[in-house]
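This briefing covers how the parts of one protein model meet, and how its metal site and charged pairs are arranged. Please look at the structure below before reading on.

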Amino acid sequence: MARLLAIETSCDETAIAILEDKDRIIANVLASQIEFHKKYGGVVPEIASRKHLEILPYLLDEALEQSQLDLKMIDAIAVTSGPGLVGALLVGIAFAKSLAYSLKKPLIGVNHLLGHISAVFLSYPQLTPPIIFLLASGGHTQIIYMNEKMEMEILGKTRDDAAGEAFDKVARILELGYPGGPKIDRLSKKGNPNMYEFPRALMNENNYDFSFSGLKTSVKYFLQDNQNARKEDIAASFQEAVVDVLLHKTIKAAKEYRIEKIAIVGGVAANSRLREKAIEISKTEGFEIYIPDFEYCTDNAAMIARAAWIKYEKGEFDDLSLNAVPYLTLG
Ligand code: KG4
Ligand code: ZN
């Protein structure tokens, strides 16, 4: 039996999880910093780093308490090394290094994107590739093909804003506050998704790329010209446009690559309309849809631990020179 302790501090969530063997999460704790950032309308990197530093020791105690473990019973320390905010990443990395060094246990640097992808295997331990992934978060929107050997190929990605970024920016335009995704999601439930026809960029182009910046601008100008329109209808119509494009391109990839399994991961996979529509489509089109449990979609450390497990099994460890890579990619 092996136990991995994972630390996630790439953005504004401070998180620690403990994984026992491949897929048993025995501790999963998280402290959101929303309170400290919301008055600024977005994440302030400097505040994020400071808060991670303050919160990590308490979270570690909480994780150990939840799992009823002593630090000596941990076999390896995993930490997100990128992509993300450099200062925020460095705090987690320094904390992980000091733990690994003092406990004399291996250190494992984890790619945050691989973490999001791994989240689906926590919720569906029996799931096996080939799989088409839609990874949609605050910083990334990609379609990825994973083959039987778990090798990955990026088929397409956003050319400008990420899907989550579009949610956040449109929420700001509608003055809904931060974080935007959950606010738009909630407001949309009271709106008509077919009220306004917002642009679905690149939808019918023969590629797997996305573009969301025009959609955001279109909502902005629409609001300027229609100040009496209901925000509920604007939010719902905007959300419908994002969901339509995301699912259209994902299904296109699954069809063209003849893959039956589709996984949707990343913060935007928490979106209720995306989840609902994906399940509807899976029934009509005959695909199997896998979306992680809600708490594994947005940033968390359980997914980092699950991604680290693969490296742990292979003995792929990092030394104490591990550094933050803010623009780390999947390739
Ligand atoms: O994966 P994540 O927690 O962090 C990154 O790695 O970026 O994703 C955060 C993004 C934010 O842009 C947030 O607005 C979006 O995911 N998000 C949502 C929802 N919950 C979070 N977007 C739409 N609907 C949601 N319910
Ligand atoms: Zn993330």
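Four residue pairs, both members at pLDDT 80 or more, are in polar contact across the interface of domain 1 and domain 2. The number of salt bridges between domain 1 and domain 2 is zero. The model is a predicted one, and the points below describe the interface, the zinc site and the salt bridges.

**Make-up of the domain 1 side**

- Two helices, helix 1 (34-37) and helix 4 (112-123), each contribute at least two residues to the side of domain 1 that touches domain 2.
- Helix 4 is the one that gives the most to this side, with three residues.
- Sorted by class, the side of domain 1 that touches domain 2 consists of six nonpolar, five polar and two charged residues.

**Domains and the area between them**

- Domain 1 is made of two segments, 3-116 and 297-314, while domain 2 covers 129-293.
- The centres of domain 1 and domain 2, taken over C-alpha atoms, are 27 Å apart.
- In the contact between the two domains, 13 residues of domain 1 meet 16 residues of domain 2.
- About 1100 Å² is buried between domain 1 and domain 2, and carbon and sulfur atoms give 72% of that area.
- Within domain 1, the residues that lose the most area to domain 2 are Leu 113, His 116 and Cys 297, which together account for 52% of what that side buries.

**Zinc site**

- The zinc ion (ligand 2) has three protein donors, namely His 112 through NE2, His 116 through NE2 and Asp 299 through OD, at 2.0 to 2.1 Å from the ion.
- Along the chain, the donors of the zinc ion (ligand 2) have the spacing H-x3-H-x182-D.
- His 112 belongs to helix 4, whereas Asp 299 sits in the loop between strand 10 (288-290) and helix 10 (302-314); this pair links distant parts of the chain, 187 residues apart.
- His 116 appears in two roles, as a zinc donor and as one of the domain 1 residues that lose the most area to domain 2.

**Salt bridges**

- The structure as a whole contains 22 salt bridges.
- One salt bridge joins the side chains of Lys 216 and Asp 161, with an N to O distance of 3.4 Å.
- Lys 216 lies in helix 7 (residues 213-225) and Asp 161 in the loop between strand 8 (152-157) and helix 5 (163-173), so that the pair links parts of the chain 55 residues apart.

Notes
Residues are numbered from 1 along each chain as its sequence is written. Chains are lettered from A and ligands numbered from 1 in the order in which they are written. This is a predicted model: local features need pLDDT of at least 70, side-chain atom pairs count only at pLDDT 80 or more; totals for chains, interfaces and linings use all residues. Side-chain values use heavy atoms; hydrogens and water are left out. Domain bounds come from an automatic or database domain assignment. Contact means heavy atoms within 4.5 Å. Buried area is the accessible area (1.4 Å probe) that two parts lose on being put together, summed over both. A salt bridge is a side-chain nitrogen of Lys or Arg within 4 Å of a carboxyl oxygen of Asp or Glu. A polar contact is a pair of N or O atoms within 3.5 Å; within protein, one must be able to donate a hydrogen and the other to accept it, and residues adjacent in sequence count only if both atoms are side-chain atoms. Helices (H or I, at least four residues) and strands (E, at least two) are DSSP runs, numbered from the N terminus. Ala, Val, Leu, Ile, Met, Phe, Trp, Tyr, Cys and Pro count as nonpolar, Asp, Glu, Lys and Arg as charged, and the others, Gly among them, as polar. Donors are N, O and S atoms within 2.8 Å of the metal (3.2 Å for Na, K and Ca); water is not among the atoms, so sites may look incomplete.
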